[in-house]
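Here is a quick tour of one protein model, from the inside out. Have the viewer open as you read.

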Amino acid sequence: MPIQNSPYKAFADLLNSGGHPVSPAELHGLLLGRSCAGAGFDIDGWMVDASEVLGAAPEDNIRQALIGLQAMVKGELTSDDMTVVLLLPTDDAPLGERAIALGQWCQGFLAGFGLTARDSAISAEAMEVLQDLSAIAQVQDALEESEDGEGDYMEVMEYLRVAPLLLFTECAKPIAPEPKPSLH
């Protein structure tokens, strides 16, 4: 049974209704990339970067959706679970459509990471993750509708759920807890 209104589809419809032909996957990748590179979770900075991709300042309903997306990403990156849920079409969408969205997600991630990354050196492992994302962004047409294609897609998707965590752990400054007042 197809899922008629998945989060991806609902967000895509919202963006299209505002005249923004941008993929939700690209926006989610952008947000996650900038967050993993150390941008923090400041709403204003996120709105500036999102506005650039959207081509204009978002309308209030889209702005609220973007704020909600940021809250979700912050929760995922800072929770003990450290699980990332990718904003992609559901499994009942054609594999080609899902592969294109996966590529858009990677492109968005790399753009967000590049916008925010500091000049400090990163580890060989982190560099390899960025190179993998770049390669994945290019394979949009390489997956065929088959069991092997589905398996490859799922494998890449699982990798992309873990890869940002490595970059976040290495590149983003941990959010310092508010200091507790000392009692004398």
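## Packing around F109

A contact here means heavy atoms within 4.5 Å. On that basis, and skipping neighbours within four places in sequence, F109 touches G29, L30, L32, G33 and C36, along with L130, L133, P164 and L167. Keep in mind that this is a predicted model.

F109 also turns up among the residues with the most contacts inside the largest nonpolar core, next to L27, W46, L66, L77, L88 and W105. That core holds 47 residues. Two or more of its residues come from each of α1, α2, α3, α4, α5, α6 and α7, and α7 gives the most, with eight. As general background, nonpolar side chains tend to be buried together in soluble globular proteins.

## The overall build

What is the protein made of? There are seven helices and zero strands, so to speak an α-α-α-α-α-α-α run from the N terminus on. Of the contacts with a separation of 6 or more, 74% are between residues 24 or more positions apart.

The protein has 184 residues, and buried ones make up 40% of them. On the outside, about 10100 Å² is exposed, with carbon and sulfur atoms supplying 56% of that area.

## The largest pocket

How much space lies in the largest pocket? About 200 Å³. Its lining takes in P7 and Y8, the stretch V85, L86, L87, L88, P89, T90 and D91, and then Y153, M157 and R161. The elements giving two or more residues to this lining are α1 (7–17) and α7 (147–171), and α7 has the largest share, at three residues.

By class, the lining has nine nonpolar residues, one polar and two charged. L88 is worth a click: this residue lines the pocket and is also listed among those with the most contacts inside the largest nonpolar core.

## A look at G40

Where does G40 sit? In the loop between α2 and α3. Is G40 buried, exposed or partly exposed? Buried would need under 20% relative accessible area and exposed over 50%, so G40, at 27% relative accessibility, counts as partly exposed.

Leaving out residues up to four places away in sequence, G40 touches R34, S35 and Q70. For a longer link, try A172: 132 residues separate G40 and A172 along the chain, yet their C-alpha atoms are 7.4 Å apart.

Key:
Residues numbered from 1 in each chain as written. Predicted model: local features only at pLDDT ≥ 70, side-chain atom pairs only at ≥ 80, totals over all residues. Heavy atoms only, no water. 1 Å grid on protein atoms, 1.4 Å probe; cavity = no way out; pocket = protein on both sides within 12 Å on 5 of 7 lines; lining within 4 Å. Points joined across faces, edges and corners; volume = space filled by probe spheres on them. Helix = DSSP H or I, 4+ residues; strand = E, 2+ residues; numbered from the N terminus. Nonpolar A, V, L, I, M, F, W, Y, C, P; charged D, E, K, R; others polar. Core = buried A, V, L, I, M, F, W, Y, C linked by side-chain atoms within 4.5 Å. Buried < 20%, exposed > 50% of the residue type's maximum accessible area, 1.4 Å probe, protein only. Areas by Shrake-Rupley, 256 points an atom, 1.4 Å probe, with all protein chains shown as cover.
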